[in-house]
Amino acid sequence: MATYNHEDQDSIDGIKTWWDKFGTAITVVLTALLVTIGGTQAWKYYQQQQAQQAADLYVLLQQVQLSNDPARINDAAHLLTEGFPSSGYAPRAAFVAAEADVQAGNNKRAIQNLQWVIDNAKETAMHDLARLRIAGILLDEEKYDEALRLMSTPHDATFAGLYLDRKGDILAASKKIAEARLSYQAAIDKLSKNNNYYNIVQMKLDALGNSD
C-alpha cells in the first residue's frame, strides 16, 4: 500500500486548500469555455446548413428561370431574398428576377429588385452593377436626368468604363452629342483594348461623327 511522507502530505493539503479557494471559479470558467466551444461548433453547423439551403434554392431558381414566367421566377427569387438575404445567392437571385421583369416589360418591379441589391448586397460590385442596370431601364424610359444622376454615383474603378459608356448612351439619346462624344472617349480610355466591349464603344463614338 502506498504511503506518503510529510512533504507529500503538505503538498496534498496545499492543493486541497487552493482548490477550496479557487475550484468553483475554475469550474465556472471551464464550463463556460466548453459551452463556447460547443456554441461555436453549433454556429458553424448552422451557417453551413444555411449556405446549403441557399445554394439549393438558387439551383431551383435556375430551373424555374427556364419557364420564362416572371411571376414564378420572382416567387423563387423571393425565397432567397427574404429567407437568406445575407447569402451571396440572394442578390444574384434578385438580378435574375429583374432580368425576367425587364423582358416582360415590368420595369417597375425590375427596378425594385435591383434596388434590393443596392440596399442589401454585401458585395459592392453588386451595387455598382445594379445601378448600371437601373440606368439602362431609365434610359429606355427616356428618364435621362434620373439615369445621369445614377451614373454620377461613386463606384469602383473597375466599373469606370462601363459607367462612362452608359453615360454616353444617355447623353446621345438626349441629343447632347458633344458631351456624349467626350463620355465615350473617356470610356475608351478606361477600357482595355483586349476587352471586347472596347470595340463596341469605339463604334458608338465613330457613329457620332464630328457633328454637334
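What follows is a chat between a biologist and a modeller about the helices and cores of this predicted model.

Biologist: Let's start with the overall picture. How many helices and strands does the protein have?

Modeller: Nine helices and zero strands. Read from the N terminus, the elements go α-α-α-α-α-α-α-α-α. Of the 212 residues, 35% are buried.

Biologist: What makes Asp 165 count as buried?

Modeller: The cut-off for buried is under 20% relative accessible area. Asp 165 has 1% relative accessibility, so Asp 165 counts as buried. It sits in helix H7. Leaving out residues up to four places away in sequence, Asp 165 touches Tyr 184, Ala 187, Tyr 197, Val 201 and Lys 204.

Biologist: And Leu 205, why is that one called buried?

Modeller: Same kind of check: buried means under 20%. Leu 205 comes out at 10% relative accessibility, so it counts as buried too. This one belongs to helix H9.

Biologist: Which residues does Leu 205 touch, not counting those up to four places away in sequence?

Modeller: Arg 181, Tyr 184, Gln 185 and Ile 188. Take Arg 181: it is 24 residues from Leu 205 in sequence, yet their C-alpha atoms are 6.0 Å apart in space. On the scale of the protein, look at contacts between residues at least 6 apart in sequence: 47% of these join residues at least 24 apart.

Biologist: Tyr 184 keeps coming up. What does Tyr 184 touch, again not counting residues up to four places away in sequence?

Modeller: Asp 165, Gly 168, Asp 169, Ala 172, Val 201, Lys 204, Leu 205 and Leu 208.

Biologist: Now H7 and H8. Why are H7 and H8 called roughly antiparallel?

Modeller: Their axes cross at roughly 165° and come within 8 Å. Angles over 145 degrees count as roughly antiparallel, so H7 is roughly antiparallel to H8. The crossing is left-handed. On the H7 side the contact includes Leu 164, Asp 165 and Gly 168, and on the H8 side it includes Ser 183, Tyr 184 and Ala 187. By class, that contact has nine nonpolar, three polar and five charged residues.

Biologist: How do you know that H6 and H7 are roughly antiparallel?

Modeller: They pack at an angle of about 160°, with axes 10 Å apart. Set that against the cut-off, over 145 degrees, and H6 and H7 are therefore roughly antiparallel to each other. Their crossing is left-handed as well. H6 brings Tyr 144, Ala 147, Leu 148, Leu 150 and Met 151 to the contact, while H7 brings Tyr 163, Arg 166, Lys 167, Ile 170, Leu 171 and Ala 173. The residues here divide into nine nonpolar, no polar and two charged.

Biologist: What about the largest nonpolar core: which of its residues touch the most other members?

Modeller: Leu 114, Val 117, Met 151 and Tyr 184, out of 37 residues in that core. At least two residues come from each of H3, H4, H5, H6, H7, H8 and H9. The largest share, eight residues, is supplied by H5.

Biologist: What lies apart from that core?

Modeller: Another core, of 14 residues, with Tyr 58, Leu 61, Ala 76 and Leu 80 among them. As a general point, nonpolar side chains tend to be buried together in soluble globular proteins.

Note on methods
Residues are numbered from 1 along each chain as its sequence is written. This is a predicted model: local features need pLDDT of at least 70, side-chain atom pairs count only at pLDDT 80 or more; totals for chains, interfaces and linings use all residues. Side-chain values use heavy atoms; hydrogens and water are left out. A nonpolar core is a set of buried Ala, Val, Leu, Ile, Met, Phe, Trp, Tyr and Cys residues joined through side-chain atoms within 4.5 Å. Buried means under 20% relative accessible area, exposed over 50%, partly exposed in between (1.4 Å probe, protein chains only). Helices (H or I, at least four residues) and strands (E, at least two) are DSSP runs, numbered from the N terminus. Contact means heavy atoms within 4.5 Å. Axes are lines fitted to C-alpha atoms, for helices over the stretch in contact, and angles run from 0 to 180 degrees between N-to-C directions. Angles under 35 degrees count as roughly parallel, over 145 as roughly antiparallel, 65 to 115 as roughly perpendicular and the rest as oblique. A crossing is left-handed if the near helix is turned anticlockwise from the far one by less than a right angle, and right-handed if clockwise. Ala, Val, Leu, Ile, Met, Phe, Trp, Tyr, Cys and Pro count as nonpolar, Asp, Glu, Lys and Arg as charged, and the others, Gly among them, as polar.
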